[in-house]
Amino acid sequence: MNTRAQGAAGRNDAGSRSDCYVEVAITRRSGITIDLTSKVEALYGDSIRLLVNDVLHTIGIAHARVSMLDQGAVPFVIAARVEAAAARALGGSCRPYPTPVLTKPNTTDRHRLRRTRLYLPGNEPRFFLNAGLHAPDGLILDLEDSVAPAEKDAARILVRNALRAVDFNGAERMVRINAGAMGLDDLREVIPQGVHVILIPKCESAADVASVAHAISSICAETDRNDPVYLLPIIESARGVVNAFGIASASDTICGLAIGLEDYCADIGVQRTREGKESAYARAAIVNAACAAGVQPLDSVFSDVTDMPALLVHARESKALGFKGMGCIHPRQIGVIHDAFAPTQQEIEKAQRIVRAFESAKEARSGVTVLDGRMIDMPVVLQALRTLTLAVSLGLVSAIRNSAGSSRRVSNEDRKDDAHAE
Amino acid sequence: MVKNAAGRLVPRCVNGVDQTAFQGVGGYVPAGMKAKPRVSSCAEFPADGNKIVRSLADALKKAGLASGMTISTHHHLRNGDILTNYLFDTIKRLGVRDIRWYPSASFPVHEHLIRYLEDGTIHHIEGSMNGPLGRFASSGRMRGTGILRSHGTRYQAVQDGEVHIDIAVLAAPSADSFGNANGLTGPSACGPLGFALVDSDYADNVIVVTDHLVDFPCVPWHIQGNNVDAVVVIDSLGDPSKIVSGTTEITKSPDRLLIAEYIARFIEDAGIMRDGFSLQAGAGGINLAFLLSLKERMKRAGVRARFMRGGSTKYLVEMLREGLTEYILDGQAFDQEGIRSLAADPRHVNTSPFTSYNYHGKGNFASMLDAVVLGATEVDVNFNANVVTHSDGLLLHGLGGWQDCLFAKCTILAVPSLRDRVPIIVDRVTTLCGPSELIDVIVTERGIAVNPRRADLLKRISGSSLPIRSLTDMQTEVFALCGGRPAAPRLDENHCGAIVKWVDGTVLDSIYSLASH
């Protein structure tokens with residue numbers, strides 16, 4: 001039973017709830033033996049042994065000694081850890097194990113709401129299972145900054161499995177890949193798993209976007225994926241800010257342009273402050289570039305997860321600057337940001353008055369909308385319609401005056417004209 | 001064994017005492033008279049009121065300590081309790097065996113006592129068995145059968161004469177030489193001493209042990225010296241840093257915060273939150289977060305509660321100070337703020353299991369509450385709940401006041417739908433502690449289930465945007481995540497390691513030892 005090769009993956013320390021640590025030692029004979037210590041032995045011990053056997057056989061390993069310390073990991077996590085350990089034993093890669101698909105079909109739309117996108121560290125499975133219940137607009141499985149360099153391979157397998165097994169509860173399925181060549185490896189794992197949006201970190205040029213877009217099209221072609229994969233470049237440097245418009249218009253699959261302020265501030269050599277004066281230019285530049293390109297400007301994260309009143313102030317400012325949403329690093333930030341980005345009662349009332357004026361002008365076959373003796377330009381009418389559509393979708397007003405159908409028609413036209421109108 | 005009204009097999013006789021099987025909620029009608037404490041005479045006690053005895057050993061000898069006796073303690077020192085371990089060290093030294101220990105609760109610090117369970121100094125425990133002691137009972141090695149009672153049932157059992165306490169050894173953070181005692185000041189201050197009330201009223205012998213002797217009178221006298229036989233002074237009763245519980249931190253878990261938010265919204269949307277309402281919330285992480293969310297809602301709506309039940313924490317005390325509740329009726333203080341407020345504020349009132357929980361009384365406070373929020377280790381799809389064992393069969397928790405609180409007008413259980421890989425909504429609870437007819441709402445991070453028996457609540461909540469779902473629906477979702485239905489725990493059904501009493505003293509369920517032992 002001498003060992004030919006061995007590999008280990010996963011975690012078994014104080015913070016490793018819902019994870020497991022697996023060592024796979026590939027041997028010459030004697031089949032597969034499993035030495036399991038599990039917190040859930042009484043409930044799932046037998047099912048864990050069956051799964052480990054199944055994963056190894058699928059990968060093509062018939063003889064191995066497996067030692068596993070389990071802290072209550074669910075099957076897709078166990079499968080990912082066994083696969084990662086086996087791949088490491090085999091020198092880096094192996095045949096993937098297809099963990100069962102448990103997600104419900106879930107589509108997206110380039111113009112959907114992206115008020116909140118919640119970052120989940122890609123190598124920490126305990127946050128995955130219930131993240132969707134907190135109802136962010138998007139959930140990001142992060143392969144970049146939250147994953148230690150030595151764990152990139154394991155995280156990639158875990159995230160690929162999570163995309164198959166975790167129900168996002170209607171949230172947009174997002175993955176932040178690594179920058180550069182490693183990001184292209186990330187794409188090969190996640191694109192076939194129905195990911196909706198790829199976040200491109202540290203994006204500095206249109207070429208950065210183009211290489212990702214190109215890689216995605218070839219993976220889609222190879223795997224018969226037909227629905228679009230949207231791109232969300234993150235600007236995190238002075239150079240990126242300068243090139244923002246080029247980046248935002250580099251591909252017609254770009255849905256938004258985000259800014260990452262921690263790295264940006266480091267790049268220009270300042271401390272990030274709560275007031276944010278140091279990034280005023282960059283944020284304004286991102287908003288302007290995104291609007292010029294007809295995509296959503298999205299703000300950075302707010303780092304203090306305990307101070308909700310300060311988050312609310314920050315999020316209101318963010319909305320006032322023109323951003324359409326923010327990143328979140330704790331689920332409790334979601335509700336606060338949604339509140340901040342919701343139209344205020346005052347905004348709704350004003351929008352209703354504008355739309356009413358617009359509709360009476362239409363009935364009167366007049367080409368000019370007039371409110372309180374002042375002429376209302378078309379972009380203002382379209383903005384009012386967008387405010388009302390959002391207010392209706394958030395349940396803040398029961399329905400738009402007159403028929404909902406007519407307003408939806410206008411609002412579709414308005415979308416087509418978005419770039420033009422703004 | 002006999003099948004009780006809840007369909008559970010329970011023993012007819014436990015530790016040589018005949019038992020009555022559970023007969024349904026309100027089904028058992030007690031008859032007869034309460035227990036009678038021994039008559040004492042002032043002639044037996046010093047007229048100057050000084051009852052100080054040199055040592056605990058002397059006090060125990062004076063009380064006639066003998067093998068086979070029942071000795072009671074209270075748990076107000078929680079995990080900081082030094083006295084109880086010292087007490088059994090002393091009993092061991094005196095060569096006494098087969099003690100029935102009758103604590104109001106036990107804590108991990110009492111792991112020290114496992115040696116005495118093994119060597120026979122302690123025969124068995126009748127009281128909560130937390131952590132290590134629970135594991136010991138689950139291993140099937142306890143000489144007698146453990147009996148789990150809620151706080152109210154512990155009072156009821158003594159009052160009804162089912163448990164006769166020979167010697168009560170009561171930790172008193174402040175006491176005078178006459179035996180008047182309270183928990184409000186002194187180095188081991190812990191708050192109320194309500195759980196020791198029944199012991200001091202009914203035990204044959206009452207020994208008050210203090211590390212903070214004050215001149216007569218020690219006021220307020222939560223324990224009355226007129227019931228006390230001897231006073232012992234020792235260096236230290238407990239470790240103050242562990243007396244105030246570590247559970248008064250608000251949870252940071254996103255899922256638990258979501259559950260807390262759902263409960264607060266439910267209480268508001270169901271119209272329970274209205275002027276003059278009443279509420280009990282404990283000190284668990286979800287409970288505290290819930291209380292803060294409810295507080296914001298009460299402020300926004302301009303609503304004040306008439307009273308709130310403790311255990312008190314600084315969060316509850318803040319609500320009293322801000323006028324959001326007119327009274328706190330408190331059974332235990334979980335932090336220093338709770339202790340200080342109880343000592344200083346007349347609207348913060350000391351209560352006991354007699355006033356709050358005892359089912360064999362002429363009513364109690366628990367059933368008058370508009371809502372109570374509790375936890376559980378498991379719930380089943382029919383709204384039954386377990387609070388003492390885990391799904392693998394291990395006994396790890398006590399009942400506390402949990403069963404007593406089920407009688408509130410709206411009983412809400414806050415439970416995560418899974419703990420790591422362990423599904424919490426099961427087909428049948430491992431141990432039945434709370435019958436479904438008393439459990440109205442179960443809140444998980446996946447949604448809110450309302451007991452179909454509560455058509456009134458369902459109607460009141462119908463306009464709400466809360467995710468109202470069925471338990472089976474949530475269970476299906478969780479089973480899919482966890483990789484299917486879990487295996488049944490491997491239990492030794494021939495060995496009942498402990499039983500769970502119902503609030504009326506009948507037997508609700510059996511806790512079997514684990515099969516591997």
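In this predicted model, 45% of the 422 residues of chain A count as buried. Chain A carries 15 helices and 14 strands, and its C-alpha trace extends over about 90 × 45 × 45 Å along the principal axes. Contacts that bridge long stretches of sequence are well represented: among the contacts in chain A with a separation of 6 or more, 71% join residues 24 or more positions apart. The domain assignment of chain A lists domain 1 (3-89), domain 2 (116-341) and domain 3 (345-421). Between the C-alpha centres of domain 2 and domain 3 of chain A there is a distance of 31 Å.

A good place to begin a tour of chain A is the pair formed by strand β3 (residues 32-38) and strand β4 (residues 64-70), which run parallel and are joined by seven bridges. Within this pairing, Thr33(A) has Arg65(A) of β4(A) as its bridge partner. Together with α1(A), the strands β3(A) and β4(A) build a β-α-β unit that is left-handed. Helix α1 (residues 41-59) of chain A also takes part in the contact with the partner chain, where its five residues are the largest share of the side of chain A that touches chain B. In total, 22 residues from chain A and 21 residues from chain B enter this contact. The side of chain A that touches chain B divides by class into eleven nonpolar, seven polar and four charged residues.

Further along chain A, the loop between β11 (296-301) and α10 (308-321) holds Phe302(A). Although placed in a loop, Phe302(A) counts as buried because 25 C-beta neighbours lie inside 10 Å. Beyond its neighbours within four places in sequence, Phe302(A) is in contact with Leu311(A), His314(A), Met326(A) and Gln333(A). One of these partners, Met326(A), is 24 residues away along the chain, and the C-alpha atoms of Phe302(A) and Met326(A) are 8.1 Å apart.

Turning to the nonpolar interior, the largest core comprises 272 residues, with Ile207(B) and Ile263(B) having the most contacts inside it. Helix α2 (residues 75-89) of chain A supplies eleven residues, the largest share of this core. Another core lies apart from it and has ten residues, including Ala351(A), Ile354(A), Val355(A) and Val381(A). As for Ile207(B), its contacts outside the four places on either side in sequence include Ala59(B), Ala63(B), Ile167(B), Val169(B), Leu170(B), Asp229(B) and Val232(B).

Chain B also offers a helix with several buried positions. In α10 (residues 314-321) of chain B, the residues Tyr315(B), Leu316(B), Val317(B), Met319(B) and Leu320(B) are buried. The buried residues of α10(B) pack against two helices, α9 (285-301) and α11 (336-344), and against the strands β16 (305-309), β17 (325-330) and β18 (348-350) of chain B. Gly323(B), just after α10(B), adopts a positive phi of about 75 degrees.

Finally, chain B contains an open sheet of three strands in the order β21-β20-β25, with mixed pairing. The edges are taken by β21 (385-386) and β25 (425-426) of chain B; each has a single partner strand, so one side of each is left without a neighbour in the sheet. Strand β20 (residues 378-380) of chain B pairs with β21(B) in the antiparallel sense over two bridges, and here Glu378(B) stands opposite Asn386(B) of β21(B).

Methods: Residues are numbered from 1 along each chain as its sequence is written. Chains are lettered from A and ligands numbered from 1 in the order in which they are written. This is a predicted model: local features need pLDDT of at least 70, side-chain atom pairs count only at pLDDT 80 or more; totals for chains, interfaces and linings use all residues. Two residues are in contact if their C-beta atoms, placed from the backbone, lie within 7 Å. Helices (H or I, at least four residues) and strands (E, at least two) are DSSP runs, numbered from the N terminus. Ala, Val, Leu, Ile, Met, Phe, Trp, Tyr, Cys and Pro count as nonpolar, Asp, Glu, Lys and Arg as charged, and the others, Gly among them, as polar. Domain bounds come from an automatic or database domain assignment. Two strands pair if DSSP finds at least two bridges between them. A crossover is right-handed if, with the strands pointing away from the viewer, the path from the first strand over the helix to the second runs clockwise. A residue is buried if 20 or more other C-beta atoms lie within 10 Å of its own, exposed if 12 or fewer, and partly exposed in between; C-beta atoms are placed from the backbone. A nonpolar core is a set of buried Ala, Val, Leu, Ile, Met, Phe, Trp, Tyr and Cys residues joined through C-beta atoms within 7 Å.
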